[in-house]
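Me: I would like to go through some labels attached to a model and the rules behind them. Please set each value against its cut-off.

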Amino acid sequence: MNDLLNQVRLVGDWLASSKQWHGDEGIPRRLVEHLTYSGLSLLFAALIGLTLGLLVGHTGRGAFAVAGVVNLARAIPTFGLVVLVVTLAGLSTTPVLIALVALAVPPILINTFEGVRGVDPATRDAARGVGMTEWEVLVRVEVPMALPLILLGLRIAAIQVVATATVAAYPGLGGLGRFIVDGLSRNDYQLVVGGSTVVVVLALVVQIAFTALRRVLVSPGLRVSASKS
């Protein structure tokens with residue numbers, strides 16, 4: 001209990017220090033860098049994962065390939081991928097983005113695919129029976145019904161990316177991971193714990209944001225069905 005109180009006191013003192021909120025080494029600057037890496041990675045991953053997930057889920061073609069790609073991507077260590085790409089491409093944001101995109105694509109892809117494929121075939125047939133095109137079936141029937149799983153995939157990916165974007169600091173870039181890496185190199189425990197706490201809080205904010213988004217976008221009936229399943 002005393003250890004926990006000491007850690008809380010350390011974090012409180014660190015956050016209360018004015019120098020943590022000003023300059024290039026302050027929390028606001030590092031937070032913007034972290035959100036930039038995370039946002040770009042999630043955007044690219046969503047473009048890839050949603051496109052492939054919707055296409056394969058609707059047509060049913062390539063399901064085996066999707067499973068293989070997801071399993072392969074999950075097996076790749078994020079930090080190892082960063083080191084590899086830095087070695088090949090040099091020090092830039094590219095290695096970080098590639099690693100984070102590789103981390104974020106699997107949950108988006110598999111949840112989108114499963115959501116679309118899980119739509120009742122009778123519902124699809126009814127939509128086609130009233131004259132809907134395949135595009136209309138996808139957009140007006142399958143996507144709304146698959147939305148709970150699609151948002152779940154995006155939420156999982158976003159939290160993973162936010163938590164893992166700290167790897168950007170290892171090749172010498174910025175972000176909230178800079179506090180952790182610098183703290184470890186200086187044996188500054190307060191800096192490590194403070195930086196880790198900010199990352200955890202940011203991940204919790206992302207979780208809350210997606211929960212609110214789900215309540216806005218998903219109809220109550222689908223929310224109840226998704227929670228029961």
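Reply: First a rule: helices (H or I, at least four residues) and strands (E, at least two) are DSSP runs, numbered from the N terminus. The model is predicted, so local features need pLDDT of at least 70 and side-chain atom pairs count only at pLDDT 80 or more, while totals for chains, interfaces and linings use all residues. Residues are numbered from 1 along each chain as its sequence is written, and side-chain values use heavy atoms, with hydrogens and water left out.

Me: What makes glutamate 33 and arginine 30 a salt bridge?

Reply: The term requires a side-chain nitrogen of Lys or Arg within 4 Å of a carboxyl oxygen of Asp or Glu. For glutamate 33 and arginine 30 the N to O distance is 2.9 Å, so the pair qualifies. The two are three residues apart in helix α2 (residues 27-59), which means a separation of about one helical turn. Arg29, Arg30 and Glu33 are linked in a network of salt bridges. By this rule the count comes to seven salt bridges.

Me: Which helices hold glutamate 142 and arginine 124, and what is the distance between their closest N and O atoms?

Reply: The closest N and O atoms of this salt bridge are 2.4 Å apart. It links distant parts of the chain, with glutamate 142 in helix α7 (residues 134-164) and arginine 124 in helix α6 (residues 121-129), 18 residues apart. Both glutamate 142 and arginine 124 are buried, meaning under 20% relative accessible area (exposed is over 50%, partly exposed in between; 1.4 Å probe, protein chains only).

Me: Why is glutamate 134 called partly exposed?

Reply: Its relative accessible area is 39%, which lies between the 20% and 50% limits, so the label follows. Arginine 128, at 33%, is therefore partly exposed too. The side chains of glutamate 134 and arginine 128 meet in a salt bridge at 2.8 Å, N to O.

Me: Why are α8 and α9 called roughly antiparallel?

Reply: Angles under 35 degrees count as roughly parallel, over 145 as roughly antiparallel, 65 to 115 as roughly perpendicular and the rest as oblique. Helix α8 (residues 177-186) and helix α9 (residues 189-217) pack at about 165 degrees, with axes 7 Å apart. Axes are lines fitted to C-alpha atoms, for helices over the stretch in contact, and angles run from 0 to 180 degrees between N-to-C directions. The angle is over 145, so α8 and α9 are roughly antiparallel.
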